[in-house]
Amino acid sequence: MSHEPWVKPHGAWLMAHGSSLKMDQLINPISQLKGQLRAPSDRSITVRATLLGGIADGISVVRMPLRCDDTDACLDCMRRLGVEIENLELKIENEELSDTNSPFSIFNSKFIIHGRGLHGLQAPTERLFCGSSGATMRLLSGLISGQAFNSVLDGTAQLRKRPMRRITEPLRLMGAEIDDAAGCAPLEIGGRLTPLQGMVYPTPVASAQVKSAILLAGLYAEGETVVGETAKTRDHTERMLAAMGVPMEAWQADGRYWAKMRFTPSLKPFELTVPADFSSAAFFMVAAAIVPNTTLTLLDVGMNPTRTGLLDALRLMGAQIAIRNERMEGAEPVADLDICAPHGLKGIEVHGELTARSIDELPILAVAATQAHGTTLVRNAEELRVKESNRLEGFVAELHKLGANIEPTADGFVVHGPTPLHGAVVDGLGDHRVAMSLAVAALVANSPTTILGADCVSKTYPGFYDDLAGLC
């Protein structure tokens with residue numbers, strides 16, 4: 001195995017349409033990982049803070065927000081709706097962070113959001129372009145369904161393929177005038193002069209974006225809005241709404257997890273520091289669990305229990321992960337993680353709530369499973385088919401090129417391990433999590449790997465390859 005500790009660009013070419021540049025990435029095998037890192041800040045929290053800060057009564061401050069393609073699209077949409085958002089660069093004075101390899105550790109930004117109140121948004125003069133951000137489109141649809149003006153939400157060709165009827169149908173039940181293009185974007189939303197109607201809605205699919213779209217529409221609805229899920233999904237929206245003064249309740253009954261909100265006439269502004277994104281830190285957790293001779297510390301990781309399914313899964317597999325310095329940042333739990341390479345991982349079964357709590361991390365979990373002894377079976381993960389790419393057939397096929405013994409199933413995948421991996425040319429499929437997962441797998445291959453279209457990581461983690469190289 002090569003011990004060359006670098007990750008470097010391997011070439012570039014122009015796309016057939018437009019001037020966007022696509023990059024290949026060469027990943028060399030490594031013998032160890034060492035150091036500490038603060039992964040970039042949480043995308044889900046940054047998007048929600050941008051949206052809700054825009055309709056608060058007063059000025060909200062968001063420290064260390066994530067800047068990436070998705071959050072920039074959300075910023076642009078809110079500015080087009082008349083919200084003034086100052087983006088200020090600030091120096092991080094935390095000496096512990098200044099020693100990390102991440103470019104996010106030296107400079108970051110602060111959003112100062114001048115909220116316009118629940119009914120102060122302005123009619124956009126053109127389409128609200130959400131880029132490839134499903135979170136922005138789905139949550140913003142709920143937020144503007146109760147506005148008095150017309151609007152159109154659109155996105156990239158990739159976003160136009162993602163299912164939107166899962167939000168348009170419940171929003172229509174609340175009284176929203178919303179048209180979708182055969183169940184997909186663009187979405188045309190008509191203005192309303194009367195309030196929406198609260199409702200009780202058991203969701204057919206466990207999705208935090210569906211739940212959040214309904215709850216944000218509930219800000220403009222008479223009465224109570226109640227959403228029930230078959231599995232508990234991330235609750236950042238509920239936590240943030242509660243911190244802004246919205247009466248919120250949560251309970252479990254009848255095999256569902258329920259969230260209820262009651263109408264409130266205004267939202268309080270807030271200040272928060274966005275923690276490191278668990279989903280971004282997850283790639284380094286798995287890297288540390290499969291690369292021998294590794295000692296890695298991940299700083300300021302968001303530890304919301306609705307997000308940490310991968311952590312639980314890795315511990316079940318035998319990974320050595322210590323949690324320390326636990327604390328609260330605003331309404332969100334945060335901690336530092338120390339990870340050492342284990343003596344050996346073992347296969348496990350992932351299903352039900354654990355699947356829901358790790359849905360975005362299942363591709364990188366599959367990488368860990370290739371190095372685990374025995375069989376790893378993932379079930380109840382049909383949602384992987386409608387992410388940025390088909391993360392069942394598509395990602396599984398790419399990982400198979402590296403020698404993984406993995407096959408898709410009707411609702412997940414099965415991996416038999418451990419399997420020696422070999423270098424290959426693989427495709428990132430235009431999917432940030434696919435490209436980053438393949439990069440981690442390539443670290444333990446027996447020869448270099450080239451990832452085609454590797455620049456898709458800019459969706460959530462523009463500095464990923466630099467951070468990875470800095471730990472090698």
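**Exercise 1. Surroundings of E271**

Task: In this predicted model, determine whether E271 is buried or exposed, and which residues it touches beyond four places away in sequence.

Solution:
1. The relative accessible area of E271 is 55%. The cut-off for exposed is over 50%, so E271 is exposed.
2. As for secondary structure, E271 belongs to strand β17.
3. Leaving out residues up to four places away in sequence, E271 touches V61 and R63.
4. V61 is 210 residues from E271 along the chain, yet their C-alpha atoms are separated by 4.6 Å.
5. With R63 there is a polar contact: the side chains of E271 and R63 are joined at 3.1 Å.

**Exercise 2. The sheet containing β14 and β16**

Task: Give the strand order of the open sheet that contains β14, and state which strands stand at its edges.

Solution:
1. The sheet has 4 strands in the order β12-β14-β16-β15, and its pairing is mixed.
2. β12 (200–202) and β15 (248–253) each have a single partner strand, so they stand at the edges and one side of each lacks a neighbour in the sheet.
3. On average, and ignoring direction, neighbouring strands of this sheet are turned by 15° against each other.
4. β14 (residues 224–229) pairs with β16 (residues 256–262) in the antiparallel sense, over 6 bridges. Within this pair, R262 of β16 is opposite E224.
5. Helix α7 (residues 208–218) lies across β12, β14, β15 and β16, and runs at about 175° to β14.

**Exercise 3. Packing of helix α8**

Task: List the buried residues of helix α8 and find what they pack against.

Solution:
1. Helix α8 covers residues 236–243, and its buried residues are H236, T237, E238, M240 and L241.
2. These buried residues pack against two helices and four strands by name: α1 (43–54), α7, β15, β16, β17 (271–273) and β20 (332–340).
3. Two links to the earlier exercises follow from that list. Among the partners of α8 is β17, the strand that holds E271. Another is α7, the helix lying across the sheet of Exercise 2.
4. Just after α8 comes G245, with a positive phi of about 100°.

**Exercise 4. Aromatic pairs**

Task: How many aromatic pairs are there, and what is the geometry of W251 with W258 and of F283 with F464?

Solution:
1. Pairing requires ring centres within 6.5 Å, and the count comes to 6 aromatic pairs.
2. For W251 and W258 the centres are 6.4 Å apart and the planes are at 15°, so this pair is stacked.
3. W251 is partly exposed at a relative accessible area of 35%, whereas W258 is buried at 13%.
4. For F283 and F464 the centres are 6.0 Å apart and the planes are at 70°, so this pair is edge-to-face.
5. This second pair links distant parts of the chain: F283 is in helix α9 (residues 278–290) and F464 in helix α15 (residues 464–471), 181 residues apart.
6. F283 and F464 are both buried. They belong to one aromatic cluster together with F284, Y461 and Y465.

**Exercise 5. Cysteines**

Task: How many disulfides are counted, and how far from C74 and C77 is the nearest cysteine sulfur?

Solution:
1. A disulfide needs sulfur atoms within 2.5 Å. The count comes to 0 disulfides.
2. For C74, the nearest cysteine sulfur is that of C77, 6.7 Å away, and C74 is in no disulfide.
3. For C77, the nearest cysteine sulfur is that of C130, at 4.1 Å, and C77 is likewise in no disulfide.
4. Both sites are under the 20% cut-off for buried: C74 has a relative accessible area of 1% and C77 of 0%.

**Exercise 6. The sheet containing β7 and β8**

Task: Give the order of the open sheet that contains β7, and identify the bridge partner of F129 in β8.

Solution:
1. The order is β7-β8-β10-β9, an open sheet of 4 strands with mixed pairing.
2. β7 (128–129) and β9 (177–181) are the edge strands, each pairing on one side only.
3. β7 and β8 (residues 151–154) pair in the parallel sense over 2 bridges.
4. The bridge partner of F129 in β8 is D154.
5. Helix α4 (residues 134–144) lies across β7, β8 and β10 (184–190), at about 170° to β8.

Definitions and conventions
Residues are numbered from 1 along each chain as its sequence is written. This is a predicted model: local features need pLDDT of at least 70, side-chain atom pairs count only at pLDDT 80 or more; totals for chains, interfaces and linings use all residues. Side-chain values use heavy atoms; hydrogens and water are left out. Two strands pair if DSSP finds at least two bridges between them. Axes are lines fitted to C-alpha atoms, for helices over the stretch in contact, and angles run from 0 to 180 degrees between N-to-C directions. Contact means heavy atoms within 4.5 Å. Buried means under 20% relative accessible area, exposed over 50%, partly exposed in between (1.4 Å probe, protein chains only). A polar contact is a pair of N or O atoms within 3.5 Å; within protein, one must be able to donate a hydrogen and the other to accept it, and residues adjacent in sequence count only if both atoms are side-chain atoms. Rings of Phe, Tyr and Trp (its six-membered ring) pair if their centres lie within 6.5 Å; planes under 30 degrees apart count as stacked, over 60 as edge-to-face and the rest as tilted.
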